2 protein chains.
Amino acid sequence: MSGDHGFSEEQRHGVYRAIFERRDVRSQFRPDPIPAEVLERLLRAAHHAPSVGFMQPWDFVVIDDAQVKQRVKALHEHANAQAAHNYRDERAALYRRLKLEGIVDSPLNLCVTCDRERGGEHVLGRNTMLDADLFSACLAVQNLWLAARAEGIGVGWVSILEPADLSCVLNLPERVVPVAYLCLGYVEEFLPQPELQAQGWRSRLPMGGLLHGNGWGGELTHSPFLQALQAAVEAGDPPTP
Amino acid sequence: MSGDHGFSEEQRHGVYRAIFERRDVRSQFRPDPIPAEVLERLLRAAHHAPSVGFMQPWDFVVIDDAQVKQRVKALHEHANAQAAHNYRDERAALYRRLKLEGIVDSPLNLCVTCDRERGGEHVLGRNTMLDADLFSACLAVQNLWLAARAEGIGVGWVSILEPADLSCVLNLPERVVPVAYLCLGYVEEFLPQPELQAQGWRSRLPMGGLLHGNGWGGELTHSPFLQALQAAVEAGDPPTP
């Protein structure tokens, strides 16, 4: 048996490509429809995410109705106008220039939800970490996002929405939380870097500053393994200016 | 430009393989060390997850110290003994038979955390969905999990731990939440299906029951697209007994 359990170099490369070339898409959507069988593959990818106690707490609300999209777009515009007040001067001007969603431009919207009562009162593993069900739904989102990238489909997560208002528009029962509101569609291009980075909103952090050995703040020096990891991470981080 | 932005069939297949053949590993760990440059790739995959406002709220505590592992294992044993009281009779017997972690068996443990104050007071997009930072850390976990599968490395998420106790063992500052405690290592095999399913704890839900058209409970009949989706999903679901 090979150490990689059968992944060819090219398959492994595909996984890393999806991870590194995935983007949060807001502006490059094309109107062409996504074929139903392609969406089925994306949803099945989401449905095969790990979940605490195998509870599979997710549901998928598929939105192709223009009126529903318009109502969600209006919710976004309201929440975004509020959020813009958090910034001042140049930062405020930059914030207002950013396009943060493609709700109407994208052919399809998808809300991934979490049913907090699925699996009954005692879900295995959800005794101490009570949000593990919400976390499971997030893992489903990332499966879908990466599969979409491999299919040439862009995904954008719209987080500037009041959850209670969104629940109202989508008729969600009280026990069901809207975790992610996603816009999906083929795209003109996947940008070479994240849009917020390209526009100067925030930079990618060097990874070396995010690693700790055996406890918070622990140096990567206490074992030959940690020392080798430190060297590998420094080699991969961009040079300090 | 091709519609898939350059993914070959084999690369795309690699992404779906990682998604469908990923397992939550508890029992099949081999003791061989993970090379530092392979762990570096996995961490960089995690670091390239999407994050709300590009805040990158994650840190990575890498644990290769046997004493730290033993302390975490003791926390798990305590929390798991409590959790076992939730079940009765056959279910309780089955619960006690399940092996739910590989903390000490795996060569490496990794805690992925979320710094709730990173990025300052107003993180773009985290105005209405306040847990979007925790969700971002989850997306990083799934990137790492899938990259690990492509490298032949198994990952298990130990959720049966009291977060406050884990923070204490790892010296986490108050603003930093332990989102995922992971066990990593090469494995003897990746099981053909999830362990909780194979052991009869819970079955995979048919996906057809998890889809809604344009709102909760909406039938997939209101557009030709939704009808085609319904047909594709039914074709992919296992036959009803």
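User: In this predicted model, is the crossing of helix 8 of chain A and helix 2 of chain B left-handed or right-handed?
Analyst: Helix 8 of chain A spans residues 224-236 and helix 2 of chain B spans residues 36-47. Their axes lie 8 Å apart at an angle of about 55°, which makes helix 8 of chain A oblique to helix 2 of chain B. The crossing of these two helices is right-handed.

User: How many nonpolar, polar and charged residues has the contact of helix 8 of chain A with helix 2 of chain B?
Analyst: Helix 8 of chain A contributes Phe225(A), Ala228(A), Leu229(A), Ala232(A), Val233(A) and Gly236(A). From helix 2 of chain B come Ala36(B), Glu37(B), Leu39(B), Glu40(B) and Arg44(B). By class, this contact has seven nonpolar, one polar and three charged residues.

User: How is helix 1 of chain A oriented to helix 5 of chain B, roughly parallel or roughly antiparallel?
Analyst: Helix 1 of chain A covers residues 9-21, and helix 5 of chain B covers residues 132-150. The two pack with their axes 9 Å apart and at an angle of about 165°. Angles over 145 degrees count as roughly antiparallel, so helix 1 of chain A and helix 5 of chain B are roughly antiparallel.

User: In which hand of crossing does helix 1 of chain A pass helix 5 of chain B?
Analyst: The residues that meet are Gln11(A), Arg12(A), Val15(A), Tyr16(A) and Ile19(A) on one helix, and Asn143(B), Leu146(B), Ala147(B) and Ala150(B) on the other. They divide into six nonpolar, two polar and one charged. The crossing of helix 1 of chain A with helix 5 of chain B is left-handed.

User: How does helix 1 of chain A stand to helix 5 of chain A, roughly parallel or roughly perpendicular?
Analyst: These two helices pack with their axes 9 Å apart, at an angle of about 105°. Angles of 65 to 115 degrees count as roughly perpendicular. Helix 1 of chain A and helix 5 of chain A are therefore roughly perpendicular.

User: Which residues of helix 5 of chain A meet helix 1 of chain A?
Analyst: On the side of helix 1 of chain A, the residues are Gly14(A), Ala18(A), Ile19(A) and Glu21(A). The residues of this contact divide into four nonpolar, one polar and two charged. The partners in helix 5 of chain A are Leu146(A), Arg149(A) and Ala150(A).

User: What is the order of the strands in the open sheet that holds strand 5 of chain B?
Analyst: This open sheet has five strands with mixed pairing. Strand 3 of chain A and strand 5 of chain B stand at the edges, each with a single partner strand, so one side of each is left without a neighbour in the sheet. Neighbouring strands are turned by 25° against each other on average, direction ignored. The order is 3(A)-4(A)-2(A)-1(A)-5(B).

User: Which residue in strand 5 of chain B is the bridge partner of Phe60(A)?
Analyst: Strand 1 of chain A, residues 58-63, runs parallel to strand 5 of chain B, residues 211-213, and three bridges join them. With strand 2 of chain A, strand 1 of chain A pairs in the antiparallel sense over six bridges, and there Trp58(A) stands opposite Cys114(A). In strand 5 of chain B, the bridge partner of Phe60(A) is Leu211(B).

User: Which residue in strand 2 of chain B is the bridge partner of Trp58(B)?
Analyst: An open sheet of five strands has the order 5(A)-1(B)-2(B)-4(B)-3(B). Within it, strand 1 and strand 2 of chain B pair in the antiparallel sense over six bridges. The bridge partner of Trp58(B) is Cys114(B).

User: What relation holds between chain B and chain A?
Analyst: The contact takes 103 residues from chain B and 103 residues from chain A. Because 100% of the interface residues of chain B are also interface residues in chain A, the copies meet through the same surface. Chain B can be laid on chain A with an RMSD of 0.0 Å by a turn of 180° and a shift of 0.0 Å along the axis. That is the relation of a two-fold axis.

User: How many helices and strands make up the secondary structure of chain A?
Analyst: From the N terminus on, the elements run α-α-β-α-α-β-α-β-α-β-α-β-α. The C-alpha atoms of chain A fill a box of roughly 60 × 50 × 35 Å along the principal axes. The secondary structure of chain A comes to eight helices and five strands.

Note on methods
Residues are numbered from 1 along each chain as its sequence is written. Chains are lettered from A and ligands numbered from 1 in the order in which they are written. This is a predicted model: local features need pLDDT of at least 70, side-chain atom pairs count only at pLDDT 80 or more; totals for chains, interfaces and linings use all residues. Axes are lines fitted to C-alpha atoms, for helices over the stretch in contact, and angles run from 0 to 180 degrees between N-to-C directions. Helices (H or I, at least four residues) and strands (E, at least two) are DSSP runs, numbered from the N terminus. Angles under 35 degrees count as roughly parallel, over 145 as roughly antiparallel, 65 to 115 as roughly perpendicular and the rest as oblique. A crossing is left-handed if the near helix is turned anticlockwise from the far one by less than a right angle, and right-handed if clockwise. Two residues are in contact if their C-beta atoms, placed from the backbone, lie within 7 Å. Ala, Val, Leu, Ile, Met, Phe, Trp, Tyr, Cys and Pro count as nonpolar, Asp, Glu, Lys and Arg as charged, and the others, Gly among them, as polar. Two strands pair if DSSP finds at least two bridges between them. Copies are superposed by least squares on the C-alpha atoms of residues with pLDDT of at least 70 in both.
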